[in-house]
Amino acid sequence: MRAVVTGAAGFLGSHLCDRLLAEGWSVLGLDNFITGRKENLAHLQGNAKFSFAAADVCDPLRISGDVAYVLHFASPASPPDYLRHPIETMRVGSVGTQNALELAREKGARFFIASTSECYGDPEVSPQHEDYWGHVNPIGPRGVYDEAKRFSEAMTMAYHRYHKVDTHIVRIFNTYGPRMRLNDGRALPNFVYQALSGKPLTIYGDGKQTRSFCYVSDLIEGIYRLMMSNEHLPTNVGNPNEITILEFAERIRKHFENPPPIVFEALPQDDPKRRCPDITKARRVLKWEPKVGLEEGLKMTLAYFKEVFNKR
């Protein structure tokens, strides 16, 4: 079985490649390194079942040989990244998604797309369930990411209904773990980078906005179960344990001998006030739920970040 993974050098893409290889798949990874890093795939050099090609998924994909699965994980994912690359973000969610779907259609392959909880926008219901259509500002700064992912879901379902492509959609909630970029703009790497640099932790707004953090190994397990299932409609995969950003910052501070102070800045436009997945469907259909607790996950992630920081 051969899989093509777009965004293979990213945080999640590289972990997905590891899981597929561990399951006996042959993997071709694609990435243009806008936000992906070669270091994330360095450990796979010499693996006979893994190959890599530098490629932009917004260009037509010409892949020789059989392909059993196309997994589309290419996209900037953190606010600073997609605000820095707004056009690329929208193109990879639209043109890139269609190119990946076309590859799956041509090869008779199954298709999997990494969507996001951002499809729910700044939600008016919590926890968010898959039948909720969302509350998104299409022309706000975050709209380039939110609408790109919403479009990618619509395109995926169109290929499923019209071309009969076997498609699968995961809506990923906040995920953390090794291989995240330090200071990539998301809460955990930002807090850790600031703490390691001897700077105060920056909280936007009053810190009462909530997030739900899922450790990467749990997420990949849910993704693998979904990709092997017969479920075609979007499925939430994330950790339902909700925590405020202020509480999260305090949890991180406790891991440092000299806990850094906290400073508050203005909340960015359209920043979600609550983010918590309803994983009833994942529990029922995939027999999945997260196993790694926040404290255990933080210890493993902080150890990785400290190692990376000390090598700088």
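**Aspartate 184 and the nonpolar cores**

Me: Which residues does aspartate 184 touch, not counting residues up to four places away in sequence?
Reply: This is a predicted model, in which local features need pLDDT of at least 70, side-chain atom pairs count only at pLDDT 80 or more, and totals for chains, interfaces and linings use all residues. Residues are numbered from 1 along each chain as its sequence is written, and side-chain values use heavy atoms, with hydrogens and water left out. A contact means heavy atoms within 4.5 Å. With neighbours up to four places away left out, aspartate 184 touches Ser78, Pro80, Pro189 and Asn190.

Me: Is aspartate 184 buried or exposed?
Reply: Aspartate 184 lies in the loop between β7 (175-176) and α5 (187-196); helices (H or I, at least four residues) and strands (E, at least two) are DSSP runs, numbered from the N terminus. Buried means under 20% relative accessible area, exposed over 50%, and partly exposed in between (1.4 Å probe, protein chains only). Because its relative accessibility is 2%, aspartate 184 counts as buried.

Me: Which helix gives the most to the largest nonpolar core?
Reply: A nonpolar core is a set of buried Ala, Val, Leu, Ile, Met, Phe, Trp, Tyr and Cys residues joined through side-chain atoms within 4.5 Å. The largest has 59 residues, and Phe112 and Ile223 are among those with the most contacts inside it. Seven of its residues come from its main contributor, helix α6 (residues 216-227).

Me: How many residues does the second core have?
Reply: The second core is separate and includes Val57, Val70, Ala74 and Ala100. Its residue count is 23.
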